Amino acid sequence: MPLTKAESLRLRSLRDKKHREALGLFVVEGGKVVAELLAAKFPFEEIYATPAWTGARTHEITPDEMARISHFPAPAEVLAVGRIRRAPLPAGALDRGLTLALAGVRDAGNVGTLLRTPDWF
């Protein structure tokens, strides 16, 4: 079944932080990361995939539809939508060991650097 215009607009709107926050959803694109999250039993709300994707899918779409909803110039074969969950920290959770807290990171590539640098020390 083809994507409706409303679905397509909703998925494209998740490119903007204000829409992600308002809807409580985020997007994950790419075969490897989606497969790893599925293997870890991450509870995706929706999975959109082209016929090239061999993993689990809830909505099969055409490559043209994927190009319209993708957040990347070169779309992947799968796009998954997850619910944003913010679990509160239990009391005393930060009382032992070292803690690295990140807020407002705009480039996901920086997260890897921020994690690897303290790990090296």
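Is Arg-10 buried, partly exposed or exposed? With a relative accessibility of 23%, Arg-10 counts as partly exposed. Keep that residue in mind, as the tour comes back to it. One thing before you start clicking: this is a predicted model.

**Stop 1: the sheet**

Show the cartoon and pick out the strands. There are 4 of them, forming an open sheet with mixed pairing, and the order across it is 1-4-2-3. At the edges you will find strand 1 (25-29) and strand 3 (59-60), each of which pairs on one side only.

**Stop 2: strand 4 and its neighbours**

Now select residues 78-83, which make up strand 4. On one flank, strand 4 runs antiparallel to strand 2 (residues 44-49), and 5 bridges join the two. Strand 4 is also antiparallel to strand 1, again with 5 bridges between them.

To see how the strands line up, click on Val-81. This residue of strand 4 is the bridge partner of Glu-46, and it is the bridge partner of Val-27 as well. A little further along, Leu-79 in strand 4 is the bridge partner of Tyr-48.

How many of the 6 residues of strand 4 are buried? The count is 5, so strand 4 is largely enclosed by the rest of the structure.

**Stop 3: helix 1 over the sheet**

Select residues 5-13 next. This is helix 1, and it lies across strand 1, strand 2 and strand 4. Relative to strand 2, helix 1 runs at about 110 degrees.

Show side chains here and return to Arg-10. Which residue forms a salt bridge with Arg-10? The partner is Glu-46, and the closest N and O atoms are 2.9 Å apart. Because Arg-10 belongs to helix 1 and Glu-46 to strand 2, the pair ties together parts that are 36 residues apart in sequence. The two ends of this salt bridge fall into separate classes: Glu-46 is buried, with a relative accessible area of 16%, while Arg-10 is partly exposed at 23%. The cut-off for buried is under 20%.

**Stop 4: the other salt bridges**

The structure holds 3 salt bridges, so there are more to visit.

Select Arg-83 and Glu-45. They form a salt bridge in which the closest N and O atoms are 3.6 Å apart. Arg-83 sits in strand 4 and Glu-45 in strand 2, which puts the partners 38 residues apart. Arg-83 is partly exposed, with a relative accessible area of 37%, and Glu-45 is partly exposed too, at 41%.

Then move to Arg-86 and Glu-21, whose side chains meet in a salt bridge with an N to O distance of 2.9 Å. This pair links distant parts of the chain, 65 residues apart: Arg-86 is in the loop between strand 4 and helix 5, and Glu-21 is in helix 2 (residues 17-23). Arg-86 counts as exposed at 62% relative accessibility, whereas Glu-21, at 37%, counts as partly exposed.

**Stop 5: a nonpolar patch**

For the last stop, switch to a surface view and colour Leu-100, Leu-102, Val-105, Leu-114 and Leu-115. These residues form a nonpolar patch on the surface, and together they have about 400 Å² of accessible area.

Where is Val-105 found? Look in the loop between strand 4 and helix 5 (108-120). With 33% relative accessibility, Val-105 counts as partly exposed.

Conventions:
Residues are numbered from 1 along each chain as its sequence is written. This is a predicted model: local features need pLDDT of at least 70, side-chain atom pairs count only at pLDDT 80 or more; totals for chains, interfaces and linings use all residues. Side-chain values use heavy atoms; hydrogens and water are left out. Two strands pair if DSSP finds at least two bridges between them. Contact means heavy atoms within 4.5 Å. Axes are lines fitted to C-alpha atoms, for helices over the stretch in contact, and angles run from 0 to 180 degrees between N-to-C directions. Patches are made of residues with over 30% relative accessible area and no salt bridge: like charges are joined within 9 Å, nonpolar side chains (Val, Leu, Ile, Met, Phe, Trp, Tyr) within 5 Å. Accessible areas come from the Shrake-Rupley method with a 1.4 Å probe; for residues, only the protein chains shown count as cover. A salt bridge is a side-chain nitrogen of Lys or Arg within 4 Å of a carboxyl oxygen of Asp or Glu. Buried means under 20% relative accessible area, exposed over 50%, partly exposed in between (1.4 Å probe, protein chains only).
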